[in-house]
Amino acid sequence: MNGPDTGETDAFLQSVMQRALKPMPNETQAMAARLAEAIHDAERLEAEHNLWQCFTGVMVRTATVVRQSVSLSPAVWNADILGLRS
Amino acid sequence: MTAERTADTFDDFFQRHLPLVRAVALARTADSARADDLTQETFLRAWRHFAHLQTCGLSAQRAWLLRALRHVAVDAHRRAEPAALEETADAAIAKNDPNALLRLDVARALAELDETDREIALLRYFVEMNSREIGEMLGMPEGTVRRRLAVCRERLACRLAAWSEDTGK
């Protein structure tokens, strides 16, 4: 495939591939719609993940405060938080 | 900002690159449904990295998408069994698409090439890039692209010769 044949072969392959592989407008639309849906799902999952991270963050901070309360003043923890009276 | 830099919306990005990504996916799988899955997953990854991709030139965006597609295809291959080619041929005929058989034959011919040759052939014949541009994009010398392209040309022309009358060449 050298010389003049190369140009002819290139033109043939170009023509065949354009015809075979170029997406039709309806295919492009369908894929765009499908991708939009997937992006919407990904955004929702990300929002849920962020919310969960926020919730667990609050829980960790609360637990830290509770632990500090316990270590600083067990009497207060027992009496005021757990409602135990000696 | 370079002259090639593109600052556009994700929809523009999708419309611009869809033909190449889908063609490479189709050439890799020889199966429209699987090619659509790979295409979607590739663009979903691109959406997650769009802030970075917006700052890149066209060639760098293409290179990023081809790399992402390779990773997506490897991940998908680990999860699924390859479909029988006869099944995909039947599906193509059942779609009543006049180009379905041509598409399948071209995809199969490309699927027989190794990964780099397949990308070189698509960038040359589908995207119509020259050897220098392909070499820059894939990070290989222009001479190497030319040599590999010569082998691809011969193999593809031989494999697709039956369609030459159909295209009037």
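A salt bridge is a side-chain nitrogen of Lys or Arg within 4 Å of a carboxyl oxygen of Asp or Glu. The exercises below use this cut-off on a predicted model.

**Exercise 1. Which side chains meet B:Arg45 in salt bridges, and where do the partners lie?**

Solution.
1. Start with B:Asp75: its side chain and that of B:Arg45 meet at 3.0 Å, N to O. The cut-off is 4 Å, so the pair counts as a salt bridge.
2. This pair links distant parts of the chain, with B:Asp75 in helix H4 (residues 58-79) of chain B and B:Arg45 in helix H2 of chain B, 30 residues apart.
3. Next take B:Glu41, whose side chain forms a salt bridge with B:Arg45 at 3.9 Å, N to O. B:Glu41 and B:Arg45 are four residues apart in helix H2 (residues 32-48) of chain B, and therefore about one helical turn separates them.
4. Check the accessibility of each residue. The relative accessible area is 29% for B:Glu41, 23% for B:Arg45 and 26% for B:Asp75. Buried means under 20% and exposed over 50%, so B:Glu41 is partly exposed, as are B:Arg45 and B:Asp75.

**Exercise 2. Which residue forms a salt bridge with B:Arg159, and how many residues apart are the two?**

Solution.
1. The partner is B:Glu112, with the closest N and O atoms 3.2 Å apart.
2. B:Arg159 belongs to helix H9 (residues 142-159) of chain B, while B:Glu112 sits in the loop between helix H6 (100-111) and helix H7 (115-125) of chain B; the two are 47 residues apart, and the pair links distant parts of the chain.
3. Both ends are partly exposed: B:Arg159 has a relative accessible area of 28%, and B:Glu112 has one of 46%.
4. Salt bridges can also share partners, as in the network that joins A:Glu27, B:Arg22, B:Asp36 and B:Arg103. Over all chains, the structure holds 18 salt bridges.

**Exercise 3. Where do the buried residues of H9(B) lie around its axis?**

Solution.
1. Begin with the length. H9(B) has 18 residues and spans 25 Å from first to last C-alpha, close to the 26 Å expected at 1.5 Å a residue.
2. List the buried residues of H9(B): B:Val145, B:Leu149, B:Cys152, B:Arg153, B:Leu156 and B:Ala157.
3. These residues cover an arc of only 120° around the axis, so they are on the same side of H9(B).
4. Turn to the face away from the buried side, which carries the exposed residues B:Arg147 and B:Cys158.

**Exercise 4. Is B:Arg124 buried or exposed, and which residues does it touch?**

Solution.
1. B:Arg124 is placed in helix H7 of chain B.
2. Its relative accessible area is 19%. Buried means under 20%, so B:Arg124 counts as buried.
3. Leaving out residues up to four places away in sequence, B:Arg124 touches A:Asp10 and A:Gln14 in chain A, and B:Met129, B:Ile134 and B:Leu149 in chain B.
4. Link this to Exercise 3: B:Leu149 is one of the buried residues of H9(B).

**Exercise 5. What is the phi of B:Ala30 and of B:Glu128, and where do these residues lie?**

Solution.
1. Most residues other than glycine have a negative phi.
2. B:Ala30 has a positive phi near 55°. B:Ala30 is in the loop between helix H1 (10-29) and H2 of chain B, and at 5% relative accessibility it counts as buried.
3. B:Glu128, also not a glycine, has a positive phi of about 65°. B:Glu128 is in the loop between H7 and helix H8 (131-138) of chain B, and at 45% relative accessibility it counts as partly exposed.

**Exercise 6. Which elements of chain B have the lowest and the highest mean pLDDT?**

Solution.
1. Chain B has a mean pLDDT of 84, and 80% of its residues reach 70 or more.
2. Among the elements of chain B, helix H5 (residues 85-94) has the lowest mean, 58, and H9(B) the highest, 94.
3. Residues 1-5 of chain B stay under 50, and the model has seven contacts beyond four places in sequence for them. Where pLDDT is low, the predicted coordinates should not be read in detail.
4. For the complex, the predictor gives an ipTM of 0.77 and a pTM of 0.73.

Conventions:
Residues are numbered from 1 along each chain as its sequence is written. Chains are lettered from A and ligands numbered from 1 in the order in which they are written. Side-chain values use heavy atoms; hydrogens and water are left out. Buried means under 20% relative accessible area, exposed over 50%, partly exposed in between (1.4 Å probe, protein chains only). The expected span of a helix is 1.5 Å times one less than its number of residues. The arc is that of the directions from the helix axis to the C-beta atoms. pLDDT is the predictor's confidence in each residue, from 0 to 100. Contact means heavy atoms within 4.5 Å.
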